[in-house]
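Me: I have a model open and would like to know what lies behind some of the labels put on its residues. Please take me through them.

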Amino acid sequence: MRRKIVAGNWKMNTTVAEGETLVKELLELVEESDTAAEVIVCPPFTHLDTIGRMVRANYDGKQYIQLGAQNCAGQPSGAFTGEVSALMLKSLSCKYVIIGHSERREYFGETGSSLFQKLILVIQNGMTPIFCVGEKLKDREEKREYEIVGDQIKEVLYQLKGADMEKVIIAYEPVWAIGTGRTATSEQAEEMHAFIRKIVSDKFGKLSQQIPILYGGSCKPSNAAELFSKSNVDGGLIGGASLSSEDFFRIIKSF
Ligand code: PEP
């Protein structure tokens, strides 16, 4: 059976103190429940040390919440003012790094070749990339969503060796659903996730069966269970709703 994962992408939200409160509340909820899902939070870089210490301090044979980052540099080190390297994230005990979020592609010009560099650095540093793909509204209106998502996968993930691909998590995030309140139907999500698995299988064979594929895009407590009930939807990458411990927890409990 594939891993079930719910990851929160806080984006550029919360002060460190607000982030601490959020994680404190979440730890209390998650520790008392028997959740089927692995829980990840991806706060801003500035919060990683503090939040990382909090989630590790609660270790009691099980770490209830794992730490992820939202991005990393495409270079290992050096004169890149303002950047944060994969090695730095590893040194903060990050286990996951989101790579290629649509906001990074759209506002920071990230493309296939730069994303590949980041992906490799994340893997080389022993962390797991959460690689995001997804079409824009115009692409879907033009019925090009499969072509666009297929190309996003081929241009980056097809360059990996099987042993590296094994470590990847994919997140399907239709851009028209991110932060818009408009969610893909569970059928639309399932169709795209099955397509993604097929594209991965064309290159990597059976390995595709073990790759978690998360859905992201206005996922909330009211629609999570329906989305997660689909056989190829292995969890969610949650933006807005991850900023409320209660909503995020209800999504975690939707499996
Ligand atoms: C995201 O940014 O990854 C996301 C899915 O955002 P939201 O849940 O707010 O649509």
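Me: Why is serine 102 called buried?

Reply: This is a predicted model. Serine 102 has a relative accessible area of 15%, and buried means under 20%, so the label applies to serine 102.

Me: Where is serine 102 found, and which residues does serine 102 touch, not counting those up to four places away in sequence?

Reply: Serine 102 is in helix H4, which covers residues 102-107. Leaving out residues up to four places away in sequence, serine 102 touches Val175 and Ile178.

Me: How do you know that cysteine 132 is in no bond with cysteine 42?

Reply: A disulfide needs two cysteine sulfur atoms within 2.5 Å. The closest cysteine sulfur to that of cysteine 132 belongs to cysteine 42 and is 9.3 Å away, so it is too far for a bond.

Me: How many disulfides does the rule give, and what is the nearest cysteine sulfur to cysteine 42?

Reply: The count is zero disulfides. For cysteine 42, the nearest cysteine sulfur is that of cysteine 94, 8.0 Å away.

Me: What makes cysteine 42 and cysteine 132 count as buried?

Reply: The cut-off is under 20% relative accessible area. Cysteine 42 is at 0% and cysteine 132 is at 2%, so both count as buried.

Me: What makes the approach of lysine 11 to the ligand a polar contact?

Reply: A side-chain N or O atom of lysine 11 is 2.6 Å from a ligand oxygen atom. The limit for such a pair is 3.5 Å, so this is a polar contact. The protein covers 96% of the 290 Å² of accessible area that the ligand has on its own.

Terms used:
Residues are numbered from 1 along each chain as its sequence is written. This is a predicted model: local features need pLDDT of at least 70, side-chain atom pairs count only at pLDDT 80 or more; totals for chains, interfaces and linings use all residues. Side-chain values use heavy atoms; hydrogens and water are left out. Buried means under 20% relative accessible area, exposed over 50%, partly exposed in between (1.4 Å probe, protein chains only). Helices (H or I, at least four residues) and strands (E, at least two) are DSSP runs, numbered from the N terminus. Contact means heavy atoms within 4.5 Å. A polar contact is a pair of N or O atoms within 3.5 Å; within protein, one must be able to donate a hydrogen and the other to accept it, and residues adjacent in sequence count only if both atoms are side-chain atoms. Accessible areas come from the Shrake-Rupley method with a 1.4 Å probe; for residues, only the protein chains shown count as cover.
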